[in-house]
Amino acid sequence: MPWLQVTLMSQRKEFAQLAMVDGANMARLCRSFNISRKTGYKWLARYLREGEAGLRDRSRRPRASPWLTPPALEEAVLALRPCLQPARSPPFCTARAASTRKHR
């Protein structure tokens, strides 16, 4: 007798379908699936809004990064990185560091 194949998506879909049944007890249903009620309501809302695609895992990466380092500064730091090694400090590093400093 083969094993029952259960995927994360099939469990989420089953949860959403059971939650849509009239008279479904959300707290008991969430407990049986070992998830919080907050997660259960989130999955149900996504399923109603987007269908099966709403039950997929989403990226946690932020949509915007306001504190992102400007590309020019990033390039300057990367250019100086070999100079920051304590064992070696070639003469061209000190000249490059001096040329990138801003004078007040």
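**Exercise 1. Work out how the span of helix 3 compares with the expected span, and find which face of the helix is buried.**

*Solution.* Helix 3 covers residues 37-50, and its 14 residues reach 20 Å from the first C-alpha to the last, which is close to the 20 Å expected at 1.5 Å a residue. Here helices are DSSP runs (H or I, at least four residues), just as strands are runs of E of at least two, and they are numbered from the N terminus; the expected span is 1.5 Å times one less than the number of residues. The structure is a predicted model, in which local features need pLDDT of at least 70 and side-chain atom pairs count only at pLDDT 80 or more, while totals for chains, interfaces and linings use all residues. Residues are numbered from 1 along each chain as its sequence is written, and side-chain values use heavy atoms, with hydrogens and water left out.

The next step is to list the buried residues of helix 3, which are Gly40, Trp43, Leu44, Arg46 and Tyr47. Buried means under 20% relative accessible area, exposed means over 50%, and partly exposed lies in between (1.4 Å probe, protein chains only). Seen down the axis of helix 3, these buried residues fall within an arc of 165 degrees, so they line one face of the helix; the arc is that of the directions from the helix axis to the C-beta atoms. An α-helix has 3.6 residues a turn, so residues three or four places apart point the same way.

On the other side of helix 3, Arg37, Lys38, Leu48 and Arg49 are exposed, whereas the buried residues pack against helix 1 and helix 2 (26-32). Just after helix 3 comes Gly51, with a positive phi of about 80 degrees.

**Exercise 2. Describe the surroundings of Arg12, and say whether this residue is buried or exposed.**

*Solution.* Begin with the location: Arg12 sits in helix 1 (residues 8-19). Its relative accessible area is 9%, and therefore Arg12 counts as buried.

Then look for partners. Leaving aside neighbours within four places in sequence, Arg12 is in contact (heavy atoms within 4.5 Å) with Trp43, Leu55, Arg56 and Asp57. A polar atom of the Arg12 side chain lies 2.6 Å from the backbone oxygen of Leu55.

With Asp57, Arg12 forms a salt bridge in which the closest N and O atoms are 2.9 Å apart. Asp57 lies in the loop between helix 3 and helix 4 (71-80) and Arg12 in helix 1, so the pair ties together parts that are 45 residues apart in sequence. Asp57 itself is exposed, with a relative accessible area of 60%.

**Exercise 3. State how many salt bridges the structure holds, and describe further examples.**

*Solution.* The structure holds four salt bridges, a salt bridge being a side-chain nitrogen of Lys or Arg within 4 Å of a carboxyl oxygen of Asp or Glu. One of them joins Lys13 to Glu52, with the closest N and O atoms 3.1 Å apart. This pair links distant parts of the chain, since Lys13 is in helix 1 and Glu52 in the loop between helix 3 and helix 4, 39 residues apart. Lys13 is partly exposed at 27% relative accessible area, and Glu52 is partly exposed at 43%.

In another, the side chains of Arg58 and Glu50 meet at 2.6 Å, N to O. Salt bridges that share partners join Arg49, Glu50 and Arg58 into one network.

**Exercise 4. Classify the aromatic pairs formed by Phe15, and name the residues of the cluster.**

*Solution.* A pair of aromatic rings is described by the distance of the centres and the angle of the planes. Rings of Phe, Tyr and Trp (its six-membered ring) pair if their centres lie within 6.5 Å, and planes under 30 degrees apart count as stacked, over 60 as edge-to-face and the rest as tilted. By this rule the count comes to two aromatic pairs.

Phe15 and Phe33 have centres 5.4 Å apart and 80 degrees between the planes, and the pair is edge-to-face. Phe15 lies in helix 1 and Phe33 in the loop between helix 2 and helix 3, so the pair ties together parts that are 18 residues apart in sequence. Phe15 is buried at 0% relative accessible area, whereas Phe33 counts as partly exposed at 21%.

The rings of Phe15 and Trp43 have their centres 6.0 Å apart and their planes at 80 degrees, so this pair is edge-to-face. Phe15 in helix 1 and Trp43 in helix 3 are 28 residues apart, and Trp43 counts as buried at 11%. Phe15, Phe33 and Trp43 form one aromatic cluster.

Key:
Polar contact = N/O pair within 3.5 Å; in protein donor to acceptor, adjacent residues only side chain to side chain.
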